[in-house]
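Work through the exercises below with the model open beside you, and try each task before reading its solution.

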Amino acid sequence: MAPLILYNHDASPPCCLVRIVADEIGVDLEKVHVVDIEKEMGTPERLQINPQRTIPALVDNGLNIAESRAIVTYLVSKYAKDDSLYPKDVQKRVLVDQRLFFDQDFYNRILNTMTPTFSGAPLSQSDVDKVNDGLDTLNRMLEGKQWLAGDKITVADYATTVSLAALEFNPKSGINPARHSNIAQWISRVEGSSAKVAENMKIYRKAIKTYIEDFKKQKSQK
Ligand SMILES: N[C@@H](CCC(=O)N[C@@H](CS)C(=O)NCC(=O)O)C(=O)O
């Protein structure tokens with residue numbers, strides 16, 4: 001079998017999601033480290049792989065897949081030994097899909113509050129409010145629940161945990177997910193669910209920290 005190729009950066013939240021799920025189900029990925037996304041994913045060859053010009057992008061034996069949430073549901077559907085992370089039963093599956101779509105919107109809200117770190121633009125209160133609104137929603141979703149969708153951990157738990165961790169690198173926003181007790185307990189549950197998840201989260205946090213430090217260093221030298 002040809003190796004599965006992942007166009008990756010360790011500091012990228014959606015790439016982290018793919019790495020977590022691949023590790024959990026025991027799929028080996030051949031990682032291609034992408035430094036300058038616009039340039040390296042913008043070549044004619046790579047645009048064939050992913051016209052969106054983003055990472056993660058996965059190539060599995062000639063099949064090209066973009067969008068982290070599509071990649072992880074594909075990986076579980078095709079390679080996992082059971083369907084617990086992404087159930088085959090449509091009534092269970094739709095609960096996971098629902099949370100994954102929620103998470104995509106939530107992640108974009110989080111990203112909007114991160115952008116000023118790189119652009120130097122002022123942080124908008126309305127963007128902060130939208131993240132806090134998302135946190136209120138997430139806290140309600142978790143009321144009385146161990147996991148986000150159903151009675152077992154699923155790809156939706158990993159996706160949203162990874163999205164939330166990005167907030168740690170933006171302390172100026174004052175957004176603190178741990179203020180919500182359901183969320184705080186659930187994050188510990190997800191991150192403590194396996195050694196591989198914990199290790200991937202560690203790699204991701206270290207890479208984001210380095211990425212932001214390098215960015216600030218380069219900016220101050222200009
Ligand atoms: N919704 C996409 C987001 C992918 C994405 O925006 N990735 C970033 C890196 S974290 C990227 O490639 N940015 C480059 C660009 O947008 O030009 C996913 O979940 O895969």
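The exercises that follow concern a predicted model, and they move from the ligand's surroundings to the domains of the chain.

**Exercise 1.** Find which residues surround the ligand, and sort them by class.

*Solution.* Begin with the residues that surround the ligand, which are Ser 12, Pro 14, Ile 37, Arg 53, Thr 54, Ile 55, Pro 56, Glu 67, Ser 68, Arg 69 and Gln 104. Next, sort this shell by class, which gives four nonpolar, four polar and three charged residues. Finally, look at the space that the ligand takes, and you will find that this space is the largest pocket.

**Exercise 2.** Determine how far polar side-chain atoms of Ser 68 and Arg 69 lie from an oxygen atom of the ligand, and then examine Glu 67.

*Solution.* Take Ser 68 to start with: one of its polar side-chain atoms is 2.7 Å from a ligand oxygen atom. For Arg 69, the distance from a polar side-chain atom to an oxygen atom of the ligand is 3.1 Å. Turning to Glu 67, an N or O atom in its side chain lies 2.7 Å from a nitrogen atom of the ligand. As a last step, consider the surface of the ligand, which taken alone exposes 510 Å², of which the protein buries 73%.

**Exercise 3.** Describe how the protein chain is divided into domains, and how many residues of each are in contact.

*Solution.* First mark the two ranges, with domain 1 covering 4-79 and domain 2 covering 90-221. Then take the centres of domain 1 and domain 2 over C-alpha atoms, which are separated by 20 Å. Lastly, examine the contacts, where 19 residues of domain 1 meet 20 residues of domain 2.

Key:
Residues are numbered from 1 along each chain as its sequence is written. This is a predicted model: local features need pLDDT of at least 70, side-chain atom pairs count only at pLDDT 80 or more; totals for chains, interfaces and linings use all residues. Side-chain values use heavy atoms; hydrogens and water are left out. A residue is near a molecule or strand if one of its heavy atoms lies within 4 Å of it. A polar contact is a pair of N or O atoms within 3.5 Å; within protein, one must be able to donate a hydrogen and the other to accept it, and residues adjacent in sequence count only if both atoms are side-chain atoms. Accessible areas come from the Shrake-Rupley method with a 1.4 Å probe; for residues, only the protein chains shown count as cover. On a 1 Å grid over the protein atoms alone, a cavity is a set of points where a 1.4 Å probe fits but cannot get out, and a pocket is an open set with protein on both sides within 12 Å along at least five of seven lines; lining residues have an atom within 4 Å of a point. A molecule sits in a cavity or pocket if more than half of its atoms lie within 2 Å of its grid points. Ala, Val, Leu, Ile, Met, Phe, Trp, Tyr, Cys and Pro count as nonpolar, Asp, Glu, Lys and Arg as charged, and the others, Gly among them, as polar. Domain bounds come from an automatic or database domain assignment. Contact means heavy atoms within 4.5 Å.
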